[in-house]
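Work through the exercises below with the structure open beside you, and try each task before you read its solution.

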Amino acid sequence: MISLRNYLTLVYALFICVSVFVLSIVINSFAGKLFSDYIKDTIDTRNREIIQTFTDHYDPRSGRFDVVSLEAMGMYFMHQGYIISLEDMAGNLVWDARSCDMTQCAMVADTIVLRMENHQLNGAFENSRYTLTYGGSNIAQLNIETYGPFFYSESESAFLTALNRFLFAAGMIVTLLSIVISIILATALSRPILQAADAARRIAGGNRTIRIPDKQGARELHELSQAVNELAAALEEGERRQKRLTSDIAHELRTPLTTLQGNVEAMIDGVWKPTPERLASCHEEVIRLTKLVEDLNTLTNLEWDTLTLNKTDFDLSKLLQSTVEQFMPAAQEKGISLKVNLPASPITADYDRLKQVFINLLSNAIKYTDCGNVTVDIERGVQNWAVTVADTGIGIPESEIPHIFERFYRSDKSRNRSTGGAGIGLTIATAIVAAHGGSISVESENGKGSVFTVAV
């Protein structure tokens, strides 16, 4: 199979060579036509010159021509390819180049024929007859025999030959240059493609860190390099996410499983009696592990865009009202006031998934608020609804705010296993909101509460 570089070189070189060939033919044809027209005009001009010259050698007093002068001029014109003869009006021969020097005339004629055949222009000697006048009276008949339809003189033939050689040499030079330029262009175009192919093979082989230098001038090559780099980055991020998930899961499961294993082994070995309280404790750990696995499965589906949203039309305020009522007992138990401002807010979304988001936010708000109140509010945005869940709780340190939506993140000071969950609730909420095309953000000050805003 031919390489892309060789293929592009061949295509470029072939195209340029064909273009040069066609252009050379057109130029040669055009130049030949112009030169032929020029030669014909030159012959016509020379014929008029001959007529005038022979007329000038007529003596009106004697009614005769100066034969000596005619012979000198006739031989001069003969060497230029014009064989001349002159007759008086009675048909009597006054002067004839052939009679004067038959051998010389034959040599001139043969030279002209050979010269024209070399230029692949066939023709024959033709005779043109002109009547000479003087003082308004006809004085003689002039016969001019030339090679027709036109012929080249020696200098004209040399010029035309030199022109053809120049065009041929120029064509060869342009052809060689075209091949060199084609190789350069083909190499420049194929190099980034070969780099992309090599990068794709390395990526397939497991090297996710490879990147193609994005220094391409052509937009298409730039997009190709960018696409390969984005592919490598996406695969690298996927691999990093997979490794991190494995590490996080191992970290989250290790402690409860170790505790559960120790308790069960102690009861099996008879160290502990399997009392209802101890069995209930083990059961709680099992339930917590089951919930963690379900949350991880939900998060994985959301992060990999495999979760199908069941969108329906409903009133967002009613969803929030039912969610708030669900947390009323927990709020009353802690002495927290739940305030709501829930105007009608029609929306098209997945009811259950959005409720999961607000359950997580309200659960956190009540969990980390010891006194004061939690407020849920709906406001109309430009193209969506903005729901705020504000609390007067412990707040979030400024250094931790950028990380709270990360998977398995918990503050060491307060958001630990004794008070919090696995640390993926906000991550799931973020993923659900993003799946709806919305956003979630937080404003918080340590010790003064937090405000979570969901735009959907």
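A residue counts as buried when its relative accessible area is under 20%, and as exposed when that area is over 50%. The model used in these exercises is a predicted one.

**Exercise 1.** Decide whether strand E11 is largely enclosed or not, and find how it pairs with E10 and E13.

*Solution.* Begin with burial: six of the seven residues of E11 are buried, so this strand is largely enclosed by the rest of the structure. Turn next to E10, which runs antiparallel to E11 and is joined to it by seven bridges; in this pair, Thr375 stands opposite Ala390 of E11. The two strands form a hairpin, with four residues between them. Finally, E11 and E13 also run antiparallel, here joined by five bridges, and Val387 stands opposite Val454 in E13.

**Exercise 2.** Work out the strand order of the open sheet and explain which strands stand at its edges.

*Solution.* Recall that strands of a sheet pair through backbone hydrogen bonds, either parallel or antiparallel. Reading across this sheet of five strands, the order is E8-E10-E11-E13-E12, and the pairing is mixed. Strands E8 (337-341) and E12 (439-445) stand at the edges, because each has a single partner strand, so that one side of each is left without a neighbour in the sheet. Neighbouring strands are turned by 10° against each other on average, if direction is ignored. As for the parallel sense, E8 pairs in this way with E10 (residues 373-380) over five bridges, and Ser337 has Asn373 in E10 as its bridge partner.

**Exercise 3.** Which strands do helices H8 and H9 lie across?

*Solution.* Helix H8 (residues 316-334) lies across E8, E10 and E11, and runs at about 175° to E8. Helix H9 (residues 351-367) lies across E8, E10, E11, E12 and E13, and runs at about 20° to E11.

**Exercise 4.** Check whether the end-to-end distance of helix H5 agrees or disagrees with its number of residues, and then locate its bend.

*Solution.* Helix H5 (residues 154-204) has 51 residues, which at 1.5 Å a residue should span 75 Å. Its end C-alpha atoms are 73 Å apart, which agrees with that expectation. The helix bends by about 30° at Ser190, and the proline Pro192 follows within four residues. Just after H5, Gly206 takes a positive phi of about 110°.

**Exercise 5.** Classify Cys282 and Cys371 as buried or exposed.

*Solution.* Cys282 has a relative accessible area of 8%, so it is buried. Cys371, at 55% relative accessibility, counts as exposed.

Conventions:
Residues are numbered from 1 along each chain as its sequence is written. This is a predicted model: local features need pLDDT of at least 70, side-chain atom pairs count only at pLDDT 80 or more; totals for chains, interfaces and linings use all residues. Side-chain values use heavy atoms; hydrogens and water are left out. Two strands pair if DSSP finds at least two bridges between them. Axes are lines fitted to C-alpha atoms, for helices over the stretch in contact, and angles run from 0 to 180 degrees between N-to-C directions. Contact means heavy atoms within 4.5 Å. The expected span of a helix is 1.5 Å times one less than its number of residues. The bend at a residue is the angle between axes fitted to the seven residues ending there and the seven starting there. Buried means under 20% relative accessible area, exposed over 50%, partly exposed in between (1.4 Å probe, protein chains only).
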